[in-house]
Amino acid sequence: MTAPKPKMDLPSPQSQTPPADQSPPPASNQPPEEPNAIWLQRGAIAIALLYLAAILFLPALNVFIQAFQNGVGPFLETLQSPDFQSAAGLTLLICVLVIPVNAAFGICAAIALARSQFTGRAFVISLLDLPFSISPVVVGLMMVLLYGRRGWFGPALEAADIKIVFALPGMIIATAFVTLPFVAREVLPLLEEMGTDQEEAARILGASNWQVFWRITLPNIRWGLLYGTILSTARALGEFGAVSVVSGNIIRKTQTLPLFVEEAYKQYETQAAYSAAVVLALLAAVALILKTVLEQVLSKDRGQKSE
Amino acid sequence: MKISALNPLKLPWNWRVVIVYLAFMLLLPMAALFRQASSLPFDEFWGIATSPIALSAYNISFGTAAIAAVINGFFGTLIAWVLVRYPFPGKKLVDAAVDLPFALPTAVAGLTLATIYSEQGWIGRWFAPLGIQISFTRLGVLVSMLFISLPFVVRTVEPVLGELDHDIEEAAWSLGASRFETFRKVLLPQLFPAMITGVALGFSRAVGEFGSVVIVSANLPFQDLIAPVLIFQRLEQYDFEGAAAIGTVMLLLSLVMLLGINLLQAWGRRYDRS
């Protein structure tokens, strides 16, 4: 932060505007206040908030209003329906299976990339980003072409009596695909910042690889790990396109919560659709709150280290 | 630690995990897609990939996503500006809410946007008397792409804006530059790489978007049918060749976009080392 500077006696920068303001500028980072500036500022805030209202706030508010417009009764009714419960259970199951695997992979990939220099390193990092830029439908398509009955591995899988597409394994792999980069991306910069001094010191003092990992590396990356895990959980809970292609959307068998929302909407069961939507929206809100809190923890952590 | 002379057996175990997992998760599925696409003679592949319905779907996907990304380039920068520079009540809440499209499942977004922008909806009813229908038209596709790509611009511009040095702005002011000149000649050149990167990231996300668009649009060919929905429909009809041909085009285009974004980010960081 630079200290505010005393105003020098130069020709007024606002020579076109009437000389309404002779007072020194406030000692903050704001540009000097003048009537025009205040209106410009208020106008900018108003336009930004209006746009956000149209695109984000009203749609978010609408989820809650539609879900509870007939009271809590119909909402609870949906929550008790077997279709909803099996969809919620399946969504949770997929998350529980996918998140730890991707977190473990993310740590491995981040350590591997942070602790080595080689040509093509930038290529591997952008390869990691690939799942972010591929359309979820194309992800699902690739899974069908690989594991489906007419896919590449189809005959072999059928011979072994393993069903992947239109079944749980396919949905797990598709979800793992779309959430692959999150943890690695968040942990990698922390590892690069941390350097290798502490790890080398521990090794010289006789620590084993596992001890170094548990006592030195993991405590240093824990918040980034948690942050990446939250992002990937939010994505896994809501993944629609890829899962929709590989699931076949069989009610009570391969229907996740987002698929339940779409199916109910298509069947004109608006109440059921919004009841499930509100559950997902609440989970998203929790993820956002945790994310905001963690961002503060992370920046505080960084501030302490740089001191 | 250096990788010992690229001998796969001497690689550290974490590298082996990474390579096996990436091969299994990323490379194998992509290979399966290319395998299916190349099972067709090239003429036939090209015929499907550039059939009128496919061309119109690319046009709607890429065209609408480009419009959405540019609109968000403006509003996203404005929102980032307001969040960094101006105090107002509820700012923290607004700041956190900008990430909502990252967290809210796309099916939920599609559901609520379709309702709000329908003829009886909170926003749609103001447009209906003007003869403008939003939900179930290409405008609905645009709205859901606006929703999905907004945070990319805000979150890319925000940190750059936060680090800008006020001294340069003040220098411009005290040398007699008007507010507009200061913005155009001093601020914009510094913000521009971040804005373009944010727009590109948002564009890339919007092009692939499926969940919200499939609910908000009517999915009519030549009107509001986007390429991912076309792939989905081809799969539903067990037309694997058709789905693979269009999917390959989409995959190649997303690889190109990924490369472009990486170059853009490198360009944006070109002065960092100084």
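This section describes the interface between chain A and chain B, the salt bridges, a nonpolar surface patch and the fold of chain B. The structure is a predicted model.

The interface involves 90 residues of chain A, which are in contact with 85 residues of chain B. Between them the two chains bury about 8100 Å², and carbon and sulfur atoms account for 76% of this area. Of the area that chain A buries against chain B, 8% is supplied by Y51(A), L145(A) and R150(A), more than by any other three residues.

Polar and charged interactions across the interface were also counted. Two salt bridges occur between chain A and chain B. In a salt bridge between R150(A) and E241(B), the closest N and O atoms are 3.9 Å apart, a separation that falls within the 4 Å cut-off applied to such pairs. R150(A) thus appears both in this salt bridge and among the three residues named above for their share of the buried area. In addition, 10 residue pairs are in polar contact between chain A and chain B, with both residues at pLDDT 80 or more. On the side of chain A that touches chain B, the largest share comes from helix α1 of chain A (residues 35-68), with 22 residues. By residue class, that side of chain A comprises 66 nonpolar, 17 polar and seven charged residues.

Over all chains, the structure holds 16 salt bridges. One salt bridge joins the side chains of R115(A) and E199(A), with an N to O distance of 3.2 Å. This pair links distant parts of the chain, 84 residues apart: R115(A) lies in the loop between α3 (82-114) and α4 (121-133) of chain A, whereas E199(A) belongs to helix α9 of chain A (residues 197-204).

A nonpolar patch of about 400 Å² is present on the surface. The residues that make the patch are F64(A), F68(A), V72(A), L76(A) and L282(A). Two or more residues of the patch are given by each of α1 and α2 (72-80) of chain A. F68(A) is located in helix α1 of chain A, the helix that also provides the largest share of the side touching chain B.

Chain B contains 13 helices and zero strands. Its elements, read from the N terminus on, accordingly run α-α-α-α-α-α-α-α-α-α-α-α-α. The C-alpha trace of chain B spans about 70 × 70 × 35 Å along its principal axes.

Notes: Residues are numbered from 1 along each chain as its sequence is written. Chains are lettered from A and ligands numbered from 1 in the order in which they are written. Side-chain values use heavy atoms; hydrogens and water are left out. Contact means heavy atoms within 4.5 Å. Buried area is the accessible area (1.4 Å probe) that two parts lose on being put together, summed over both. A polar contact is a pair of N or O atoms within 3.5 Å; within protein, one must be able to donate a hydrogen and the other to accept it, and residues adjacent in sequence count only if both atoms are side-chain atoms. Helices (H or I, at least four residues) and strands (E, at least two) are DSSP runs, numbered from the N terminus. Ala, Val, Leu, Ile, Met, Phe, Trp, Tyr, Cys and Pro count as nonpolar, Asp, Glu, Lys and Arg as charged, and the others, Gly among them, as polar. Patches are made of residues with over 30% relative accessible area and no salt bridge: like charges are joined within 9 Å, nonpolar side chains (Val, Leu, Ile, Met, Phe, Trp, Tyr) within 5 Å. Accessible areas come from the Shrake-Rupley method with a 1.4 Å probe; for residues, only the protein chains shown count as cover.
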